[in-house]
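Colleague: I should like to go through this model with you, beginning with a single position and ending with the overall fold. Please give the reasoning along with each result.

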Amino acid sequence: MPGRPRATAVFAYGAAAGLAVDLLIGDPRRGHPVAAFGRAAAAVEKRLHHDHRGWGALHTAVCAGSTAALGALAARTVRNRPAAAVALTAASVWAVVGGTTLGREARAIGGALAAGDLEVARERLPHLCGRDPQSLDGPAMARAVVESVAENTSDAVVGALFWGAVAGVPGLVGFRAVNTLDAMVGHKSPRHRRFGWASARLDDLAGWPGARLTAALATVAGGNPRGAVRAWRADASKHPSPNAGPVEASFAGALGVRLGGTLSYGGRVEHRPVLNGEGRAVEVADVERAVALSRRVTALTLVACVGGRLIADAVRRRKHGKRGNA
């Protein structure tokens with residue numbers, strides 16, 4: 001099966017190159033492909049929106065399905081040209097991951113908090129998460145940043161690389177489309193409570209493996225593996241999100257801090273369970289520690305995904321060899 005090892009090499013080189021480009025330049029301020037997808041999805045929503053789950057499912061299928069199909073078409077076009085296939089994979093990885101920009105935004109807020117400039121921190125917080133910044137003091141903003149770094153490491157990096165390893169370019173762009181749709185319509189606002197149901201459930205399904213991989217790698221890469229495992233096992237299921245729970249709990253245990261508690265979204269106050277209750281309160285310095293942990297998890301994800309593909313290739317060759325000798 002000569003094509004499979006070559007596909008693994010294409011993914012390995014392309015993913016490494018895409019992550020390197022992201023590390024060097026991050027996301028563009030204008031003309032980002034994900035932003036273009038968001039505008040297209042919003043235009044489709046205007047035509048399809050009804051307060052009904054079925055119409056929402058159609059919106060999800062049209063937007064995510066067409067994106068994955070375009071990715072598959074592009075990959076098919078270059079499948080016999082390894083250099084072009086690597087370039088396409090690299091461009092796709094750069095377009096869908098956001099680890100560098102995530103770290104920059106987190107550090108900018110952390111720097112403002114360290115300088116005591118709460119107003120600047122409040123101005124920048126919406127770039128990172130949907131919390132109501134005016135309701136947060138310095139420690140609460142630091143906690144929000146750490147939680148967002150943890151969750152977005154899974155959503156913006158690990159989940160995309162996982163599906164890229166499984167399904168190549170269609171997996172990369174399809175996952176980002178699903179994740180973006182969830183951010184756009186998956187929340188429980190009056191307009192999207194029914195319409196966004198399909199996007200939210202599909203995002204839960206697509207994000208499930210990446211979230212567990214993120215939690216596992218945070219356990220390995222963090223400074224307190226035992227604490228990370230303990231927090232993951234004890235507290236992950238308490239979180240209202242099936243995917244954010246393992247990620248935030250493992251980050252909390254690895255960093256030795258408490259996450260969760262009271263927060264506010266869009267004027268709505270939520271009282272979430274505390275994750276890693278044995279840890280200390282989040283401090284401003286923990287923002288940098290969370291960003292560093294996120295970067296280590298990203299590097300380990302690339303190793304794990306390429307390693308997983310190499311193992312799968314070896315298993316296939318072994319099975320193919322046994323059938324050939326039968």
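Colleague: Is T301 buried or exposed?

Modeller: The model is a predicted one, and the accessibility is computed from it. The cut-off for a buried residue is under 20% relative accessible area. T301 has a relative accessibility of 0%, and therefore counts as buried.

Colleague: Which residues is T301 in contact with, leaving aside its neighbours within four places in sequence?

Modeller: T301 is placed in helix α11, which covers residues 285-325. With its neighbours within four places in sequence left aside, the contacts of T301 are V158, L161, L213 and L217.

Colleague: Which kind of aromatic pair do F162 and W163 form?

Modeller: One aromatic pair is present in the structure. In that pair, F162 and W163 lie 5.2 Å apart centre to centre, with 85° between the planes. Planes over 60 degrees apart meet the criterion, so the class is edge-to-face.

Colleague: How do F162 and W163 count in terms of accessibility?

Modeller: Partly exposed residues fall between the limits of 20% and 50%. F162 has 23% relative accessibility and therefore counts as partly exposed. W163, at 27%, likewise counts as partly exposed.

Colleague: What is the separation between the C-alpha atoms of V21 and A206?

Modeller: V21 belongs to helix α1, residues 3-25, and is partly exposed because its relative accessibility is 34%. Beyond its neighbours within four places in sequence, V21 is in contact with G26 and W94. A206 is 185 residues from V21 along the chain, and their C-alpha atoms are separated by 25 Å.

Colleague: What pattern of helices and strands does the protein follow along the sequence?

Modeller: The protein contains eleven helices and two strands. Read along the sequence, their order is α-α-α-α-α-α-α-α-α-α-β-β-α.

Colleague: What radius of gyration does the protein have, and why does it agree with a compact globule?

Modeller: The C-alpha atoms fill a box of roughly 65 × 50 × 35 Å along the principal axes. For 326 residues, a compact globule would be expected to have a radius of gyration near 20 Å, so the protein agrees with that expectation at 20 Å.

Colleague: What share of the exposed area do carbon and sulfur atoms supply?

Modeller: Of the 326 residues in the protein, 47% are buried. The area that the protein exposes is about 15,700 Å², and the share from carbon and sulfur atoms is 61%.

Definitions and conventions
Residues are numbered from 1 along each chain as its sequence is written. This is a predicted model: local features need pLDDT of at least 70, side-chain atom pairs count only at pLDDT 80 or more; totals for chains, interfaces and linings use all residues. Side-chain values use heavy atoms; hydrogens and water are left out. Helices (H or I, at least four residues) and strands (E, at least two) are DSSP runs, numbered from the N terminus. The radius of gyration is taken over C-alpha atoms; the globule rule is 2.2 Å times the number of residues to the power 0.38. Buried means under 20% relative accessible area, exposed over 50%, partly exposed in between (1.4 Å probe, protein chains only). Accessible areas come from the Shrake-Rupley method with a 1.4 Å probe; for residues, only the protein chains shown count as cover. Contact means heavy atoms within 4.5 Å. Rings of Phe, Tyr and Trp (its six-membered ring) pair if their centres lie within 6.5 Å; planes under 30 degrees apart count as stacked, over 60 as edge-to-face and the rest as tilted.
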